[in-house]
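This report concerns one protein structure and describes selected local features. Please consult the sequence and the model shown here alongside the text.

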Amino acid sequence: MSERLGELLLAKGYVDKIQLSEALRNQREGGGRLGSVLVKLGHVSDGVIATVLSEQYNLPSVDLSAYDISQDCLNLIPLETAIRYQVLPVKQVGMTLTVATADPTNVMVLDEIKFMTGYQVEPVVAPESSIQAAIERHFGTQQSLELQKVYDQLSAENEEYEISFSEKQKVDIEELEKSSAEAPIIKLVNIILADSLRRNASDIHLEPYETEFRVRFRVDGMLYTVMRPPFQLRDAVVSRLKIMASLDISERRLPQDGRIKINFSRAGARKRIDFRVSTLPTLFGEKVVLRVLDPEKLPTHLSQLGFEGDTLKKLQAAIALPHGMMLVTGPTGSGKTSTLYTCLNKLNTDKVNIMTAEDPVEFNFTGINQVPIKEQIGRTFANSLRAFLRQDPNIIMVGEIRDLETAEIAIKAALTGHLVLSTLHTNDAPSTISRLLNMGAEPFLVANSVNLICAQRLVRVICSECKEEVEVPAEALTTLGVPEDELGSFKTYQGVGCGNCGETGYKGRTGLFEVMEVTPAIQEVILSGESTNEIRRTAVTEGMLTLREVGVAKLKAGITTVDEVLRETAIL
């Protein structure tokens, strides 16, 4: 097969004789399939390999990202077989099983699957990277293979992992501590944490159900199931995480919050990673959510967040002022904290005193005095702000303005020579003014203290490796607010899915920012008690771009898709 594939690639001009000879030499020395060797050497893509094999053997070539594979179909082939031979069951109709493979000439593997399943096997061709990504998406990572044997052994031989959550039964805490310290449990938890970093996940969800224990990662804002450990390991895994986070493993009735700090090594480099841990009692046990806090992923410049052009200039001008208030608004998960931290990093010098009140403190910064909020002992945002004003601050960051008391103190600080940065939960920039007024803040104080409001959202970025031009119906573009005279003046793109993006078509996220400067004209509207709509109209007249308009600009630039802009913005 190697010689035949090499001849085909050579005949079609995909490789030259020197490249083929190099690949064959590497194959003889290191083993493996010729196609894989050529891809590793960078002489050809695995997509080309799949296309050539598909044409030569008259087999269909499939896009695995388009397949919605049922769990019953996936269960027909063990994870070990799927990883070892790079195959994936994609469809089962009657007694015929369609199997995606990167090497359709390996008849022995197809015969083994036929014998194993009892079905007639119909091979289809897919790129090896696409199969690997689909295996990880549906089965979990390759590291899970090693654990699968451990799971099976524990499930069969170690019934002590079965611990009831019934309040009527007494839980043996010593036994729970012992089980959570077993090597397989420690290894499983370590793999989950390490795999979240490899996949660039922002959150880890461990969720117990009546008969299932599920692990999901949030990647680029979307949740994906990555692992389903045996149900019997549920309590031991949760207890292990609680021990690592210095939480009380005997307390299962109340939510708890903690923090895990680990040293992570990758490619010879070591770095410190924090995981913010939250436990929550549910019907079938404790759910655990871990927020991944990697300091290296924190943007160091505002342009890395997605600020550009006039919005970047306006924000830089606002944080350069010696006093006043800058507010960042948006829903949970829209990147408000990252924006504030990036601003503070830019302002952090030996010449200023920066103080923050946060709930909780996510990242630690040298040179910034960070105070964690603990309402149970009376250390609230309002009380912390009062104390800040006696600490000779230049810059104050308030994690969130939640009530009138906090708002009044923040406004007072902004009016008395301090630069104040904070967040609120509002849908857009103009409605932030109305929120402050509805809290009870005086209009003249709001108008004179607030310098700038930034509303933001996060949209996924099209994967650069599988990006291709697509036609979007004119109706969809006009729905977004694109003027008719601009239709056809720009190209639209989407990602088709590849190994680089895990078959999602997206890789990373960028921000949409609606930046509203509180100009004299807007101050007049606030003082006159006008509605949010009137504030918005005035702001647009003054040059503000709405979130939808900024999203359309990112679409025209080929950065994101119509679906992402529609999902995160609205016409106002």
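The sections below treat a run of strands, a single threonine and a pair of helices.

## Basis of the report

The structure is a predicted model. The values given below are therefore to be read as properties of that prediction.

## Strands E4, E5 and E6

Strand E5 comprises residues 213–219 and is mostly covered, with six of its seven residues buried. Strand E5 pairs with strand E4 (residues 203–208) in the antiparallel sense, and six bridges link the two. Within this region, Asp203 stands opposite Arg218 of E5. The connection from E4 to E5 is a hairpin of four residues.

Strand E5 also pairs with strand E6 (residues 222–227), again in the antiparallel sense, here over five bridges. Val219 and Met222 of E6 stand opposite each other. The hairpin of E5 and E6 has two residues between the strands, and Asp220 adopts a positive phi near 55° there. E5 is thus a partner both of E4 and of E6.

## The setting of Thr342

Thr342 belongs to helix H15, which spans residues 336–347. Is this residue buried or exposed? Thr342 has a relative accessible area of 2%, which is below the 20% limit, and therefore counts as buried.

The side chain of Thr342 has two polar partners among the backbone oxygens described here. One is the backbone oxygen of Ser338, reached at 2.7 Å. The other is the backbone oxygen of Pro299, which lies 3.4 Å from a polar atom of the Thr342 side chain. Leaving aside residues up to four places away in sequence, Thr342 touches Pro299, Thr300, His301, Leu302 and Leu305. Pro299 accordingly appears both in this list of contacts and as the residue whose backbone oxygen faces the Thr342 side chain at 3.4 Å.

## Packing of helices H21 and H22

Helix H21 (residues 520–527) packs against helix H22 (residues 532–541) at an angle of about 170°, and their axes are 9 Å apart. Because an angle over 145 degrees counts as roughly antiparallel, H21 is roughly antiparallel to H22.

On the H21 side, the contact is formed by Ala521, Ile522 and Val525; H22 contributes Glu534, Ile535, Thr538 and Ala539. By character, the residues of this contact comprise five nonpolar, one polar and one charged.

How values were computed:
Residues are numbered from 1 along each chain as its sequence is written. This is a predicted model: local features need pLDDT of at least 70, side-chain atom pairs count only at pLDDT 80 or more; totals for chains, interfaces and linings use all residues. Side-chain values use heavy atoms; hydrogens and water are left out. Buried means under 20% relative accessible area, exposed over 50%, partly exposed in between (1.4 Å probe, protein chains only). A polar contact is a pair of N or O atoms within 3.5 Å; within protein, one must be able to donate a hydrogen and the other to accept it, and residues adjacent in sequence count only if both atoms are side-chain atoms. Contact means heavy atoms within 4.5 Å. Axes are lines fitted to C-alpha atoms, for helices over the stretch in contact, and angles run from 0 to 180 degrees between N-to-C directions. Angles under 35 degrees count as roughly parallel, over 145 as roughly antiparallel, 65 to 115 as roughly perpendicular and the rest as oblique. Ala, Val, Leu, Ile, Met, Phe, Trp, Tyr, Cys and Pro count as nonpolar, Asp, Glu, Lys and Arg as charged, and the others, Gly among them, as polar. Two strands pair if DSSP finds at least two bridges between them.
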